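Please work through the exercises below with the sequence and the coordinates open beside you, and try each task before reading its solution.

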Amino acid sequence: MTTKAGDGPGEEPGAADRHAVTAATLRRLELASGELANASLAEMERRFPWFRRLPADQRASVLLVTQLGVNHFAEWLQDPQESIRLTVEAFRAAPRDLARAVSLRQTVELVRTAIDVFEQRLPTLATDADRKPLVAAGLRYGREIAFAAATVYAGAAEARGAWDARLEALVVDGILSSDAEESLLSRAAALGWDLSEPATVLIGNPPSDDPPAVLYGVRSRAARAGRGVLVGVQGSRLVVVVGDATEQALERISEAFGPGPVVAGPTVPALADAHQSAAEALSSLRAVVAWPAAPRPVHSVDLLPERALAGDPGAERLLVEGVVRPLVASGGLLLETLDAYLEVGGVLEACARQLFVHPNTVRYRLRRVAELTGRTPSHPRDALVLRVALAVGRLVRARGML
């Protein structure tokens, strides 16, 4: 008895062809499911060396999925509305370990192999009248299987993406909270981060209230710059950890931030030290408001005067170590000359008269100041850094710490 039906209202096109198979042929198909699955498995082993190397339990899982696919094919022929549910369930029946061991490309190869075997074997299971509709239905079912495989792998990718996002958020939060524990490094390694790679922390405002769009903007610019990043959105702050960053890469990634300043902490040798870069970046973010014309990004070391005025002890220490101590160690003349030069507003001749020396002597001493401190007294911004450093040095000396 046949189960043929016409294409009536509400039925999808081609539904009649799926039903145009006798009950006897359906019965033969159900009985042959094991044989078809074993034949498919044998062909997979013949074609693909990587499949032969799979553990026995994973190859058995492929056999199970293939056999379920054949059984669902028979059910699908009787009820075409069940096509998507059954094909997806065939893949969901496989253990999760199998999805991790076999890639989507390899799965497509296995599906193609199974369909080839079905095409060869299906005609032998049908009567002459059933052969053509059965083969046509097999081709359509193969398409459904391929889409089902893509659906399962897409779901796995989404789940992995969500898990990676949580891991990344934990890593960024740990860096901001000065957490250098082994768990932070293991999480970063799980995300594919090179733990020995230098790291720089950027902090600023996010461009919008849509975290996925913010993350996409940062990652796309980082990809164009050829740099790896760890990204976190924490309320009104966007935090980006950049691996092995060049100045050009930092500038490009800074374009993904919203309006307002973007500060960069110092580059540290490895991710384990990234909390130091983050601490200086956070301090700089609080102080950068005092320098409206700051570049973008502005480095934390360029904000030492503002940070010191805001009460950052780390900035005070850096100013003393980088400016005051080298000048004191030089014998005191350079410190005296710099102080006089700044007090007379940077007028070389006035400074020379005040010190009773030749202007060329002042020029020489100021060049030595620049060599020792990396700051040029005649440059307005450097002059501010030097002036604040001298003031901090006096305060430290008054406390008996210099």
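The exercises that follow concern a predicted model, and they treat aromatic rings, a buried serine and salt bridges in turn.

**Exercise 1. Aromatic rings**

Task: Determine how the rings of Trp-50 and Phe-51 are arranged, and state which aromatic cluster they belong to.

Solution: Begin with the count for the structure, which comes to 2 aromatic pairs. The ring centres of Trp-50 and Phe-51 are 6.0 Å apart and their planes stand at 85 degrees, so the pair is classed as edge-to-face, given that planes over 60 degrees apart fall in that class. Next consider the surroundings: both Trp-50 and Phe-51 are buried, and together with Phe-48 they form one aromatic cluster. Elsewhere, a charged side chain meets a ring, since Arg-381 lies over the face of Trp-291 at 3.5 Å from the ring centre.

**Exercise 2. A serine in a helix**

Task: Decide whether Ser-220 is buried or exposed, and find what its side chain reaches.

Solution: First place the residue, which lies in helix α11, spanning residues 211-225. The relative accessibility of Ser-220 is 18%, and therefore Ser-220 counts as buried, the limit being under 20%. Finally, follow the side chain of Ser-220, which reaches the backbone oxygen of Gly-217 at 3.0 Å.

**Exercise 3. Salt bridges**

Task: Locate the partners of Glu-35, Arg-221 and Glu-371 in helices or loops, and describe the exposure of Arg-121, Arg-221, Glu-255, Glu-371 and Arg-368.

Solution: Side chains of opposite charge can pair when their charged atoms come close. A search of the whole structure finds 16 salt bridges, among them the one between Glu-35 and Arg-121, whose closest N and O atoms are 3.4 Å apart. This pair links distant parts of the chain, with Glu-35 in helix α3 and Arg-121 in helix α8, 86 residues apart; Arg-121 is partly exposed at 32% relative accessible area.

Arg-221 and Glu-255 meet in a salt bridge at 3.9 Å, N to O. Here too distant parts of the chain are linked, for Arg-221 belongs to helix α11 and Glu-255 to the loop between α12 and β4, 34 residues apart. Arg-221 is partly exposed at 22%, whereas Glu-255 is exposed at 52%.

In the bridge between Glu-371 and Arg-368 the N to O distance is 2.9 Å, and both residues lie in helix α18, 3 residues apart, about one turn of the helix. Glu-371 is exposed at 58% relative accessibility, while Arg-368 is partly exposed at 28%. As a last step, note that salt bridges with shared partners join Glu-43, Arg-46, Arg-47 and Asp-116 into one network.

Technical notes. Residues are numbered from 1 along each chain as its sequence is written. This is a predicted model: local features need pLDDT of at least 70, side-chain atom pairs count only at pLDDT 80 or more; totals for chains, interfaces and linings use all residues. Side-chain values use heavy atoms; hydrogens and water are left out. Rings of Phe, Tyr and Trp (its six-membered ring) pair if their centres lie within 6.5 Å; planes under 30 degrees apart count as stacked, over 60 as edge-to-face and the rest as tilted. Buried means under 20% relative accessible area, exposed over 50%, partly exposed in between (1.4 Å probe, protein chains only). A charge sits over a ring if NZ of Lys or CZ of Arg is within 6 Å of the ring centre and within 35 degrees of the ring normal. Helices (H or I, at least four residues) and strands (E, at least two) are DSSP runs, numbered from the N terminus. A polar contact is a pair of N or O atoms within 3.5 Å; within protein, one must be able to donate a hydrogen and the other to accept it, and residues adjacent in sequence count only if both atoms are side-chain atoms. A salt bridge is a side-chain nitrogen of Lys or Arg within 4 Å of a carboxyl oxygen of Asp or Glu.
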